[in-house]
Amino acid sequence: DRLLLLTGAFSDWDNFRYEMAYEKLQKYLKLGNPPKDIVAYKMALEYVLKGKQLLKEGDERQNTNKDLGQAPFLVYDLLWNAERKARAERYADAVARLYRAEEMYAQFALLRIGIFTSNVDMEKLASLPEQRRSYYEKRRNEKGIVQIGLQDSYDLLAELDHPVGHIWQEYRSKLMDLLIIRNYSILAHGVNPVSK
């Protein structure tokens with residue numbers, strides 16, 4: 001019963017059902033004498049859940065530096081998930097997870113400076129040249145909300161002189177070449193398989 005509970009927790013975790021995984025881990029720990037690494041997994045899952053909550057709530061709450069510092073653990077969790085998929089030779093799945101991890105990292109970097117990619121406060125872009133502000137203004141959806149994706153997020157970080165944005169600029173062409181593979185994969189916008 002204990003092993004079923006534990007394997008169920010890891011199965012839920014691997015399939016992004018973080019809340020269910022956490023609940024099962026808590027039940028497992030309450031049964032007594034858990035190995036230290038299982039206690040560590042529970043703590044890691046708390047960070048993952050915190051990151052998920054930050055992305056959901058974005059600018060609707062006041063975030064502490066501690067919250068924002070722990071939140072990117074969700075990105076690393078996606079990277080480890082991608083590694084598991086690659087080891088299982090599920091390369092399209094791995095690439096989809098890598099893409100989301102890359103996008104999510106930019107979201108957390110922008111969130112640390114008070115910009116939520118699902119609802120960009122244009123006042124936070126006041127330091128940008130008019131042409132660039134106008135570019136982001138055109139990202140306004142039918143509800144009047146400015147939303148930006150992966151490329152725009154990293155470009156904005158670069159324009160705001162953020163260190164992550166500088167790294168994006170340095171490797172942009174290589175990353176864009178890799179993104180083409182993802183974009184034409186069957187799990188994105190195309191029909192191509194993804195090879196090892």
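# Exercises on an all-helix chain

Read from the N terminus, the elements of the protein chain follow the order α-α-α-α-α-α-α-α-α. The model is predicted, and the exercises below work through its overall make-up, one helix pair, one covered helix and three single residues.

**Exercise 1. State how many helices and strands the protein chain has, and describe its overall extent and burial.**

Solution. Begin with the count of elements, which gives 9 helices and 0 strands. Next take the extent of the C-alpha trace, which spans about 60 × 40 × 30 Å along its principal axes. Then turn to burial: of the 196 residues in the protein chain, 41% are buried. The accessible surface comes to about 11800 Å², and carbon and sulfur atoms account for 53% of that area. Finally, consider contacts between residues at least 6 apart in sequence, of which 51% join residues at least 24 apart.

**Exercise 2. Determine whether H5 and H6 are roughly parallel or roughly antiparallel, and list residues through which they meet.**

Solution. Two packed helices are described by the angle between their axes and by the distance between those axes. For H5 and H6 the angle is about 170 degrees, and the axes lie 8 Å apart. Because angles over 145 degrees count as roughly antiparallel, H5 is roughly antiparallel to H6. The residues of H5 that take part include Leu74, Val75, Leu78, Ala82 and Lys85, while those of H6 include Tyr91, Ala94, Arg97, Met104 and Phe108.

**Exercise 3. Identify the residues that make the nonpolar surface patch of about 440 Å², and say which element gives the largest share.**

Solution. The patch is made by Tyr76, Leu79, Trp80, Leu98 and Tyr105. Helix H5 (73-87) and helix H6 (91-111) are the elements that each give two or more residues to this patch, and the largest share, 3 residues, comes from H5. As a check on one member, leucine 79 lies in helix H5 and has a relative accessible area of 31%, so leucine 79 is partly exposed.

**Exercise 4. Decide whether helix H8 is mostly covered or mostly open, and find what covers its buried residues.**

Solution. Helix H8 runs over residues 150-159, and 8 of its 10 residues are buried, which leaves the helix mostly covered. The buried residues are Leu150, Asp152, Ser153, Tyr154, Asp155, Leu156, Leu157 and Ala158. Their cover includes H6, helix H7 (130-137) and helix H9 (163-183). For a single example, serine 153 has a relative accessibility of 1% and therefore counts as buried, the cut-off being under 20%. Beyond its neighbours within four places in sequence, serine 153 is in contact with Ala106, Leu110, Thr117 and Ile148. Just after H8, aspartate 161 takes a positive phi of about 65 degrees.

**Exercise 5. Compare the settings of phenylalanine 16 and arginine 133, giving the location, accessibility and contacts of each.**

Solution. Start with phenylalanine 16, which lies in the loop between helix H1 (2-14) and helix H2 (18-30) and, at 30% relative accessibility, counts as partly exposed. Leaving aside neighbours within four places in sequence, phenylalanine 16 is in contact with Leu78, Asn81 and Arg97. The C-alpha atoms of phenylalanine 16 and aspartate 77 are separated by 9.7 Å, although these residues are 61 residues apart along the chain.

Arginine 133 is placed in helix H7 and, at 24% relative accessibility, counts as partly exposed. Not counting residues up to four places away in sequence, arginine 133 touches Met122, Leu125, Ala126 and Leu128. From C-alpha to C-alpha, arginine 133 and methionine 43 are 41 Å apart in space, and they are 90 residues apart in sequence.

Methods: Residues are numbered from 1 along each chain as its sequence is written. This is a predicted model: local features need pLDDT of at least 70, side-chain atom pairs count only at pLDDT 80 or more; totals for chains, interfaces and linings use all residues. Side-chain values use heavy atoms; hydrogens and water are left out. Helices (H or I, at least four residues) and strands (E, at least two) are DSSP runs, numbered from the N terminus. Buried means under 20% relative accessible area, exposed over 50%, partly exposed in between (1.4 Å probe, protein chains only). Contact means heavy atoms within 4.5 Å. Patches are made of residues with over 30% relative accessible area and no salt bridge: like charges are joined within 9 Å, nonpolar side chains (Val, Leu, Ile, Met, Phe, Trp, Tyr) within 5 Å. Accessible areas come from the Shrake-Rupley method with a 1.4 Å probe; for residues, only the protein chains shown count as cover. A salt bridge is a side-chain nitrogen of Lys or Arg within 4 Å of a carboxyl oxygen of Asp or Glu. Axes are lines fitted to C-alpha atoms, for helices over the stretch in contact, and angles run from 0 to 180 degrees between N-to-C directions. Angles under 35 degrees count as roughly parallel, over 145 as roughly antiparallel, 65 to 115 as roughly perpendicular and the rest as oblique.
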